[in-house]
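These are my notebook entries on a single protein chain. I set down what I looked up, entry by entry.

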Amino acid sequence: MRVIQGDEGSDPGPVCSLCVSSFGARPVTIFSGFMVAGGLMLSGFAPNIYFLYFSYGIVVGLGCGLLYTATVTITCQYFDSRRGLALGLISTGSSVGVFIYAALQKLLIEFYGLDGCLLIVGALALNILACGSLMRPLKSSECPLPEKTAVENVPERYSIYNGKEKNLEENINILEKCRGSEETYKSTLASGDCKQESLLHKNPTTIAHTKEAETYKKKVAEQTYFCKQLAKRKWQLYKNYCGETVALFKNKVFSALFIAIFLLDIGGFPPLLLMEDVARSSNVKEEELIMPLISIIGIMTAVGKLLLGILADFKWINTLYLYIATLILMGLALCAIPFAKSYVTLAILSGILGFLTGNWSIFPYVTTKTVGIEKLAHAYGILMFFAGLGNSLGPPIVGWIYDWTQTYDIAFYFSGFWVLLGGFILLLAALPHWEICNKQLPKPAPTTFLYKVASNV
């Protein structure tokens with residue numbers, strides 16, 4: 001079983017962001033805790049690999065995606081002046097958890113086997129419920145969302161108003177039909193024989209059946225009205241979600257940001273899996289491996305998350321440019337790996353890559369600065385979806401390149417090129433001179449003239 005850091009894994013972003021926006025961070029966190037714990041415990045009883053695809057891949061993966069999106073969203077809502085430090089701390093927690101879980105996993109498998117290990121880890125994951133219950137949502141007055149309220153509430157009022165009119169019309173039609181049936185029924189009774197009238201008057205079941213029919217029709221009308229309103233509301237929310245998504249992609253920096261994160265995960269993730277193989281291919285002896293390269297990457301990733309988060313809080317540092325700098329330096333470091341032929345050089349490059357990979361801690365900060373805090377959950381979910389997609393495509397592509405060339409050099413050139421391309425695309429979109437054409441020139445101030453009155457001689 002391989003351990004992957006939670007903030008670098010695949011993420012069903014739009015589903016997670018929609019859940020957080022609709023239900024809030026606390027309910028989503030508690031629900032994700034049940035999913036993660038339940039999926040791990042179910043995996044302990046898996047009869048085959050196909051069951052693990054569902055229990056571990058889908059259930060646990062979706063739960064982790066919901067948990068990460070909810071945690072990042074509520075952290076950005078709570079912290080304003082020290083947001084970078086807060087994001088750095090929670091991101092560092094995931095890295096520390098990976099080290100603890102990796103060591104704990106070996107011990108649990110030795111003592112209890114893989115099934116027992118999954119059951120114990122699933123029980124430990126139930127602590128997510130306690131953590132989620134502490135995520136107290138902010139009051140609406142402290143975090144107002146004027147744009148979202150205006151977009152969602154006004155059409156909804158009109159739709160309910162129209163639905164009420166239709167409901168009244170339907171009820172009136174039903175009542176008129178009932179009254180017409182009663183009049184025809186009375187006329188048939190009056191024209192009929194006296195025996196039939198006496199039988200009908202003596203039989204109370206007929207009146208009870210008519211009353212039951214009326215109440216049944218009213219219930220059907222009420223249920224139809226409720227279903228129509230529910231469908232209209234869901235359709236309105238779906239339209240608002242699509243409209244907000246289109247509006248987000250009209251933002252030039254956001255569009256460049258989603259391209260950059262997609263290219264970063266295509267090229268930046270495979271080195272975490274291949275550094276040990278690169279060391280073997282460079283004829284580095286096992287005696288020289290003082291510390292595994294993957295451990296160096298993990299330690300420096302935790303350090304990078306914390307330090308980059310602290311740097312993001314300085315007012316004189318532009319967080320977007322800081323993130324762009326990490327992308328460009330990461331691309332250059334990836335291109336330099338084929339030139340490393342000793343353990344010391346590979347260890348230095350692994351440390352640099354690990355530190356720069358810590359830019360995940362400032363990525364939510366950059367997203368908040370780009371789209372605003374009110375659209376963070378929506379935008380971050382979309383970006384995480386493309387990050388997960390690139391994360392899934394990168395290792396197979398790099399593996400195919402190695403199988404084709406039988407060397408890791410071209411694979412790392414490929415990875416470095418895509419990371420550099422994403423960094424330069426984001427840099428071009430973030431340059432301030434692109435906004436000059438869109439800004440209106442200030443109107444010239446009105447010219448003033450001074451007149452002197454000539455004195456009479």
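Entry 1. Gln406 and its loop.
I began with Gln406, which is exposed because its relative accessible area, 55%, is over the 50% cut-off. I located Gln406 in the loop between helix H15 (376–405) and H16. I then read its backbone: phi is near 60°, a positive value in a residue other than glycine. I note here that the model is a predicted one.

Entry 2. The chain as a whole.
I looked up the secondary structure and found 16 helices and zero strands. The chain has 457 residues, of which 38% are buried. I also checked how far along the sequence the contacts reach. Of the contacts with a separation of 6 or more, 82% join residues 24 or more positions apart.

Entry 3. Helix H16.
From the loop I moved on to H16, which covers residues 409–430 and includes Ser415. Phe412 is placed in H16 as well.
I looked up Phe412 and found a relative accessible area of 2%, so I enter Phe412 as buried. Its contacts, with residues up to four places away in sequence set aside, are Pro271, Leu274, Met275, Val278, Leu334, Cys335, Ile337 and Pro338. For Phe412 and Pro271 I noted a sequence separation of 141 residues and a C-alpha to C-alpha distance of 7.8 Å.
Is Ser415 buried or exposed? With 1% relative accessibility, Ser415 counts as buried. Neighbours within four places in sequence aside, Ser415 is in contact with Gly267, Leu334 and Val398. Leu334 is thus on my contact list for Ser415 and on that for Phe412.

Entry 4. The nonpolar core.
I next looked up the largest nonpolar core, which holds 68 residues. Which of its residues touch the most other members? They are Tyr323, Ile337, Leu346 and Leu426.
I followed Leu346 further. Beyond four places in sequence, Leu346 touches Met275, Val278, Ala279, Val284, Leu293, Ile337 and Ala340. Met275, Val278 and Ile337 from this list are also among the contacts of Phe412.

Entry 5. Helix H9.
H9 runs over residues 252–268, 17 residues in length. I compared its reach with expectation: 23 Å from first C-alpha to last, close to the 24 Å expected at 1.5 Å a residue. At the N-terminal end I found a cap, Asn251, with a side-chain oxygen 3.1 Å from the backbone nitrogen of Val253. Of the 17 residues of H9, 14 are buried, so the helix is largely enclosed by the rest of the structure.

Entry 6. Helix H14.
I made the burial check on H14 (residues 363–371) too. Eight of its nine residues are buried, so H14 is largely enclosed by the rest of the structure. The buried residues are Phe363, Pro364, Tyr365, Val366, Thr367, Thr368, Thr370 and Val371. Just after H14, I recorded a positive phi of about 100° at Gly372.

Entry 7. Aromatic pairs.
How many aromatic pairs does a search of the whole structure find? The search returns 16. I took up the pair of Trp360 and Phe363, which is edge-to-face, with 6.0 Å between centres and 65° between planes. Trp360 is buried at a relative accessible area of 5%, and Phe363 is buried at 1%. Phe385 and Phe386 also pair edge-to-face, with centres 5.6 Å apart and planes at 80°. Phe385 has a relative accessible area of 37%, so I enter Phe385 as partly exposed.
I then traced a cluster in which ring pairs link Tyr68, Tyr323, Trp360, Phe363 and Tyr380.

Entry 8. Phe314.
Phe314 is in the loop between helix H11 (293–312) and helix H12 (319–336). With a relative accessible area of 37%, Phe314 is partly exposed. I paired Phe314 with Arg82: the two are 232 residues apart along the chain, and their C-alpha atoms are separated by 9.2 Å.

Entry 9. Cysteines.
I searched for disulfides, taking sulfur atoms within 2.5 Å as the criterion. The count comes to zero. I also looked up the accessibility of two cysteines. Cys117 is buried at 0% relative accessible area, whereas Cys227, at 49%, counts as partly exposed. The value for Cys227 does not pass the cut-off for exposed, because that requires over 50%.

Key. Residues numbered from 1 in each chain as written. Predicted model: local features only at pLDDT ≥ 70, side-chain atom pairs only at ≥ 80, totals over all residues. Heavy atoms only, no water. Buried < 20%, exposed > 50% of the residue type's maximum accessible area, 1.4 Å probe, protein only. Core = buried A, V, L, I, M, F, W, Y, C linked by side-chain atoms within 4.5 Å. Contact = heavy atoms within 4.5 Å. Helix = DSSP H or I, 4+ residues; strand = E, 2+ residues; numbered from the N terminus. Expected span 1.5 Å × (residues − 1). Polar contact = N/O pair within 3.5 Å; in protein donor to acceptor, adjacent residues only side chain to side chain. Phe/Tyr/Trp six-rings, centres within 6.5 Å; stacked < 30°, edge-to-face > 60°.
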